[in-house]
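Welcome, and thanks for taking a look at this one with us. Please have the sequence and the model open side by side as you read.

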Amino acid sequence: MQLSESKAIRRASMLACRRDLLELARQIGSQFNALSPTAKLPDEILSRVFMEVHSCPQNGPQKSRGYSESDDPPQLDPHWLHLAQVCRRWRAIALQLSELWSDIQIISEEHIPFVKLQLECSGVR
């Protein structure tokens, strides 16, 4: 019994160390990102950039052809969404811009979870 308890204690200790290391890596990454020139941009400017990218027409096969059941499901790729995936700050700004989330398209049932997120972020009640 003591051997299995010893293993459990070592495992718990290693998991705690791993959690601490991951947190430290996250903090270092945040500090590194803060040195970027874009980190100095005010939220209002980033919001304007997001809205400009959002207003650009999107090109791609999902917009240029019809969809039939024999095709693979079309991909939903709001091009502006990539900006929301750059860092936590950009994501927070994007989530606060209800205008980004108000152009809702349901192309297939696979997109319903994203549509729910869009409705939530668009301010629709």
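Which residues are buried in helix 4? They are Trp90, Ile93 and Ala94, and they make a good way into this model, which is a predicted one. The briefing begins with the whole chain, moves to the packing around helix 4, and ends with three residues that deserve a visit.

**The chain as a whole**

- The protein chain has five helices and zero strands, so its elements read α-α-α-α-α when followed from the N terminus.
- Of its 125 residues, 18% count as buried.
- Among contacts with a separation of 6 or more, 57% are between residues 24 or more positions apart.

**The two faces of helix 4**

- Trp90, Ile93 and Ala94 are the buried residues here. Viewed down the axis of helix 4, the buried residues fall within an arc of 100°, so they line one face of the helix.
- A general point helps with reading this pattern: an α-helix has 3.6 residues a turn, so residues three or four places apart point the same way.
- Arg88 and Gln96 sit on the other side of helix 4, where both are exposed.
- What lies over the buried residues of helix 4? The cover includes helix 2.

**How helix 2 meets helix 4**

- Helix 2 spans residues 43–55 and helix 4 spans residues 88–96. Their axes are 10 Å apart, and the two helices pack at an angle of about 70°.
- Because of that angle, helix 2 counts as roughly perpendicular to helix 4.
- The crossing of these two helices is right-handed.
- On the helix 2 side, Asp43, Leu46, Ser47 and Phe50 make the contact; helix 4 brings Arg89, Trp90, Ile93 and Ala94 to it.
- By character, the residues of this contact divide into five nonpolar, one polar and two charged.
- Trp90, Ile93 and Ala94 therefore appear twice in this story: they are buried in helix 4, and they take part in the contact with helix 2.

**Met51 and His54 in helix 2**

- Met51 has its place in helix 2. With a relative accessible area of 25%, Met51 is partly exposed.
- Met51 and Ala94 are 43 residues apart in sequence, while their C-alpha atoms are 9.3 Å apart in space.
- Setting aside neighbours within four places in sequence, Met51 is in contact with Leu97, Glu99 and Leu100.
- His54 is also found in helix 2. Is His54 buried or exposed? Its relative accessible area is 19%, so His54 counts as buried.
- Which residues does His54 contact, once neighbours within four places in sequence are left aside? They are His79, Trp80, Glu99, Leu100 and Asp103.
- Glu99 and Leu100 are thus contacts of Met51 and of His54.

**Gln118 in helix 5**

- Helix 5 covers residues 112–122, and Gln118 lies in it.
- Gln118 counts as buried because its relative accessibility is 3%.
- Not counting residues up to four places away in sequence, Gln118 touches Trp101, Asp103, Ile104 and Gln105.
- Asp103 is worth finding in your viewer: this residue is in contact with His54 of helix 2 and with Gln118 of helix 5.

Terms used:
Residues numbered from 1 in each chain as written. Predicted model: local features only at pLDDT ≥ 70, side-chain atom pairs only at ≥ 80, totals over all residues. Heavy atoms only, no water. Axes fitted to C-alpha atoms, helices over the stretch in contact; angles between N-to-C directions. Helix = DSSP H or I, 4+ residues; strand = E, 2+ residues; numbered from the N terminus. Parallel < 35°, antiparallel > 145°, perpendicular 65-115°, else oblique. Left-handed = near helix turned anticlockwise from the far one by under 90°. Contact = heavy atoms within 4.5 Å. Nonpolar A, V, L, I, M, F, W, Y, C, P; charged D, E, K, R; others polar. Buried < 20%, exposed > 50% of the residue type's maximum accessible area, 1.4 Å probe, protein only. Arc of directions from axis to C-beta.
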